[in-house]
Amino acid sequence: MIPYMTLALAVAPLTLAQVNEKVLGVYIFHRHGDRTAKSTPPANLTALGYEEVYTSGTYFRNRYIASDASSKINGINSDLVKQSQIAVSAPDDTVLQNSAIGFLQGLYPPVGDLLATETLRNGTEVTSPMQGYQLIPVDSVMSGSGSEDNGWLQSASGCGQAVASSNEYFYSQEYMDLLASTQSLYDTIAPVVNRTFTGSQVSFKNAYTIYDLINVATIHNASITDADALTPEVLYQLRTLADAHEWGLAYNASNEARAVTGMTLGGEIVDFLNSTLSSQGKQKLNIQFGAYGTFASFFGLAQLPAANPEFKGIADYASSMTFELFTNASSITAATYSAPEDLYVRFLWHNGTASNISEPTAYPLFGSGQAVLPWSDFTAGMGNFSITSTEQWCGVCRNTTGTCAAYQPAASSGSQSSAVGQSSGNGMSPAVNGVIGAMVTLAVVLGVLGLVMLVGGYRLVSKKRMARSTNVGGAEAVKGA
């Protein structure tokens, strides 16, 4: 935790400065609410999860949208939603999509009498159902969040280098040490999860899905088998081990491709806030729902554990991080949006459901020690890791097929060739170059994998079997599975 005095010094000036602040645009990245366990698919949003995201939506309404909002976004409609002012997205997943819808019900609730009854040509009067329930589209996105039925979400990113980097964690000394040192703990809780996991699966290898199953049970199941083994100390250890496991898969300082979902999110944040400026404030609010892995990847890239070590933990249900773009100018004119010297960004984080009695806290990004950054410093910091184009994504991921085929050396400039790490000028067509490059890469990967398997005693397991056994990580080489 951040020492109280340090936090007080960081926040106190903000409270005074907010009197003159005018918020121009806001980006919110939000986790889904409480759900059923991943290891008993399909995962579904629970009534508790629905309440959590609705409560969070109500909080952000009171902060940014309501007529008396404490930090009302300049010019945003307070009651009747104006679709051009707001963009909402979530992966094509039931839990995440439904969470977004529940959140929006709190953000823009039914308007009742404010929505006029419509009279048809034949004289029939039609009243909007559900007391003026407001329909707000939720776009489906493929941002690497994947499905909540997946044990680990990295494999859904489609980024070959990110998947390979995450799987390297399973060969790290840190992983091997924890796998060995924690086995006795997992042996004690094996009877609790033996209906879902076999004895060989109850280990640190499946730290998150085991914790997830137990966590869901401690919330919803009043008669957990062998619950006596789940002392507060054991539950804390299981949570801490799950934190370490997922952090290892989501971020690595020496191989940032592992955090590709955080890089992509960074680019989306900057793109939206730039669109707020270029449209002179017409685009005001962007809300994206995603999974805990994206939070962790972004936290690592933005150096947030330096501000608080708890950023290395798994984000709780309905957690949110928010980016406020604001100005201290005395009045807002067209020139305000083109005067970066008067623009600032604040990062806010809340672990779990935000509410009027438990509000988000401002934290410094990029190890800056400043809870408020000038716009130029913010964009420079984000630019150090953000992915802002398909070509850049292909280069980081070293993908060469599909959309990325267009960025192969023979079809692009020298700078693009450097981005993908390939050579050109051999006289072959782009298609042939792509096939040869892919085959060479595959041969190298298989050769390294074969050596690792030979030395380490690993064997191949099919993805279907992996899915049935609820293993975590998406790795296809599993020791002792």
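Two residues are in contact here when their heavy atoms lie within 4.5 Å. On that basis, residues 24 or more positions apart supply 71% of the contacts in the protein that have a separation of 6 or more. The model is a predicted one. Its secondary structure adds up to 16 helices and 12 strands, and of the 481 residues in the protein, 49% are buried.

Strand E2 is a good place to start with the strands. E2 covers residues 86-91 and is mostly tucked away, with 5 of its 6 residues buried. One pairing of E2 is with strand E6 (residues 285-290), where the two run parallel and share 4 bridges. Within that pairing, Ala87 sits opposite Asn286 of E6. E2 also pairs with strand E5 (residues 139-141), again in the parallel sense, this time through 3 bridges. Here Ser89 has Asp139 of E5 as its bridge partner. Put together, E2 has parallel pairings with E6 and with E5.

Further along the chain, strand E8 gives another picture. E8 takes in residues 343-350, and 7 of these 8 residues are buried, so the strand counts as mostly covered under a cut-off of less than 20% relative accessible area for a buried residue. Strand E7 (residues 320-327) lines up with E8 in the antiparallel sense, and 8 bridges hold the pair in register. Leu325 is found opposite Val345 of E8. Val345 turns up again in the pairing of E8 with E10, as the bridge partner of Leu373 in E10. That strand, E10 (residues 372-374), is antiparallel to E8 and is joined to it by 3 bridges. Strand E9 (residues 361-362) is antiparallel to E8 as well, with 2 bridges between them. In this pairing, Leu348 stands across from Ala362 of E9.Turning to the helices, H7 (residues 183-193) and H8 (residues 207-220) have axes that come within 11 Å of each other and cross at roughly 50°. An angle of 65 to 115 degrees would count as roughly perpendicular, and one under 35 degrees as roughly parallel; H7 and H8 are therefore oblique to each other. Their crossing is left-handed. On the H7 side, the contact involves Tyr186, Ile189, Val192 and Val193, while H8 contributes Ala207, Ile210, Leu213 and Ile214. Sorted by class, the residues of this contact come out as 8 nonpolar, with no polar and no charged ones.

The packing of H10 (residues 260-278) with H11 (residues 292-301) makes a second case, with axes 7 Å apart and an angle of about 80°. That angle makes H10 roughly perpendicular to H11. From H10, the residues that meet H11 are Thr261, Gly262, Met263, Leu265, Gly266 and Ile269. Their counterparts in H11 are Gly293, Thr294, Ser297, Phe298 and Leu301. By class, the contact of H10 with H11 has 5 nonpolar and 6 polar residues, and no charged ones. Glycine falls in the polar class under this scheme, and the contact includes Gly262, Gly266 and Gly293.

Conventions. Residues are numbered from 1 along each chain as its sequence is written. This is a predicted model: local features need pLDDT of at least 70, side-chain atom pairs count only at pLDDT 80 or more; totals for chains, interfaces and linings use all residues. Side-chain values use heavy atoms; hydrogens and water are left out. Axes are lines fitted to C-alpha atoms, for helices over the stretch in contact, and angles run from 0 to 180 degrees between N-to-C directions. Angles under 35 degrees count as roughly parallel, over 145 as roughly antiparallel, 65 to 115 as roughly perpendicular and the rest as oblique. A crossing is left-handed if the near helix is turned anticlockwise from the far one by less than a right angle, and right-handed if clockwise. Buried means under 20% relative accessible area, exposed over 50%, partly exposed in between (1.4 Å probe, protein chains only). Two strands pair if DSSP finds at least two bridges between them.
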